[in-house]
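Reader: I'd love a close look at one part of this protein, and then a walk outward from there. Could you take me through the details at the level of side chains?

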Amino acid sequence: MDEIGLSVKNLSVYYSDRPAVKNVSLDFAAKQVTALIGPSGCGKSTFLRSLNRMNDLIPTSKVTGEIWIKEDDINSPSTDVVSLRQKIGMVWQRPNPFHKSIYENIAFGPRYHGVKNKKQLDQIVEESLTRAALWDETKDRLHHSALTLSGGQQQRLCIARSIAVQPDIILMDEPASALDPVSTAKIEELIGELKQDYCIIIVTHNMYQAARVSQKTAFFLLGELVEYDATDKMFTNPQKAETSDYISGRFG
Ligand SMILES: Nc1ncnc2c1ncn2[C@@H]1O[C@H](COP(=O)(O)OP(=O)(O)OP(=O)(O)O)[C@@H](O)[C@H]1O
């Protein structure tokens, strides 16, 4: 059995008592990429957001069940949400850099978490940008606004920003859907590199992308987890008719 990065038990999420995620249990492997797929409205983003308590920000939403990261239950009232989001980073569909310099986008998180030493911050900035395959493109313009970067570069900056605080897990909600094919290929390549160190959970509408980047795939339908398996098995020999229909493009 692979090492577990995150364990979800009987998770349900409601909006004003209407269930959007229904009693989902699954273990995410550490150092692997898991793709969450399914038709629009099946609850993928809701499920993903609940993994680092982003759903707390939606007043009508209610979450039940357990999400374990090592010995900690994320949904426990005693969980410190700020340090939780340090352990579980998030990359959104549209790049959302801070309106600050490239350097400050990366340094912000570590500084917030207590790193004050300039040399140490410089090192974190360089390492994070290098890991996100962005150092060469930015090393001569670190103090320029992050908004001067292209969309694809901004998305890699957002990935670098999440890496800078040393997370265990990175959640990605369709991270390449707003990008051109070249930038998408760079993001996919980067995901392939990052999985050596992180548990990555990615929502994608793109079946080819799921097949290219992930080792495991979870298929959701109407808020339920229909099938969860190794990606190559899921795409060549799915066990459920609904999965087969979705993957072959018969609906969704
Ligand atoms: N903030 C919200 N308030 C109320 N209902 C919501 C909210 N966000 C999502 N929903 C509902 O929850 C269900 C699941 O939505 P969710 O966005 O999680 O699905 P999804 O599979 O990610 O869809 P998509 O692929 O289109 O992004 C849908 O019926 C949606 O209308």
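Author: Let's start with Thr 217, which sits in strand β9, the stretch covering residues 216-221. Please keep in mind that this is a predicted model. Is Thr 217 buried or exposed? With a relative accessible area of 0%, Thr 217 counts as buried, because the cut-off for that class is under 20%.

Its side chain has polar partners. The side chains of Thr 217 and Thr 231 are joined by a polar contact of 2.8 Å, and a polar contact of 3.4 Å links the side chain of Thr 217 with that of Ser 214. Setting aside neighbours within four places in sequence, Thr 217 touches Ala 35, Ile 37, Glu 227, Tyr 228, Asp 229, Thr 231, Met 234 and Phe 235.

Ile 37 in that list leads us to the nonpolar interior. The largest nonpolar core has 44 residues, and Ile 37 is one of those touching the most other members, together with Leu 129, Leu 157, Ile 159, Met 172, Ile 191 and Ile 200. Ile 191 makes a nice second stop: beyond its neighbours within four places in sequence, Ile 191 is in contact with Val 33, Met 172, Ile 200, Ile 202 and Val 213. Apart from this core lies another one, of 26 residues, with Leu 6, Val 13, Leu 36 and Ile 67 among them. As a general point, nonpolar side chains in soluble globular proteins tend to be buried together.

Now for the ligand. How many residues surround the ligand? There are 14, and the closest are Ser 40, Gly 41, Lys 44, Thr 46 and His 205. Sorted by class, this shell holds five nonpolar, six polar and three charged residues.

Several side chains place polar atoms by the ligand. In Ser 40, an N or O atom of the side chain is 2.5 Å from an oxygen atom of the ligand. For Ser 45, the corresponding distance to an oxygen atom of the ligand is 2.9 Å. Tyr 15 has a polar side-chain atom 3.4 Å from a nitrogen atom of the ligand. On its own the ligand exposes 630 Å², and the protein buries 65% of that.

Which elements give two or more residues to the shell? They are β2 (18-29) and α1 (44-50). The largest share, four residues, comes from α1.

Technical notes. Residues numbered from 1 in each chain as written. Predicted model: local features only at pLDDT ≥ 70, side-chain atom pairs only at ≥ 80, totals over all residues. Heavy atoms only, no water. Core = buried A, V, L, I, M, F, W, Y, C linked by side-chain atoms within 4.5 Å. Buried < 20%, exposed > 50% of the residue type's maximum accessible area, 1.4 Å probe, protein only. Contact = heavy atoms within 4.5 Å. Near = heavy atom within 4 Å. Polar contact = N/O pair within 3.5 Å; in protein donor to acceptor, adjacent residues only side chain to side chain. Areas by Shrake-Rupley, 256 points an atom, 1.4 Å probe, with all protein chains shown as cover. Nonpolar A, V, L, I, M, F, W, Y, C, P; charged D, E, K, R; others polar.
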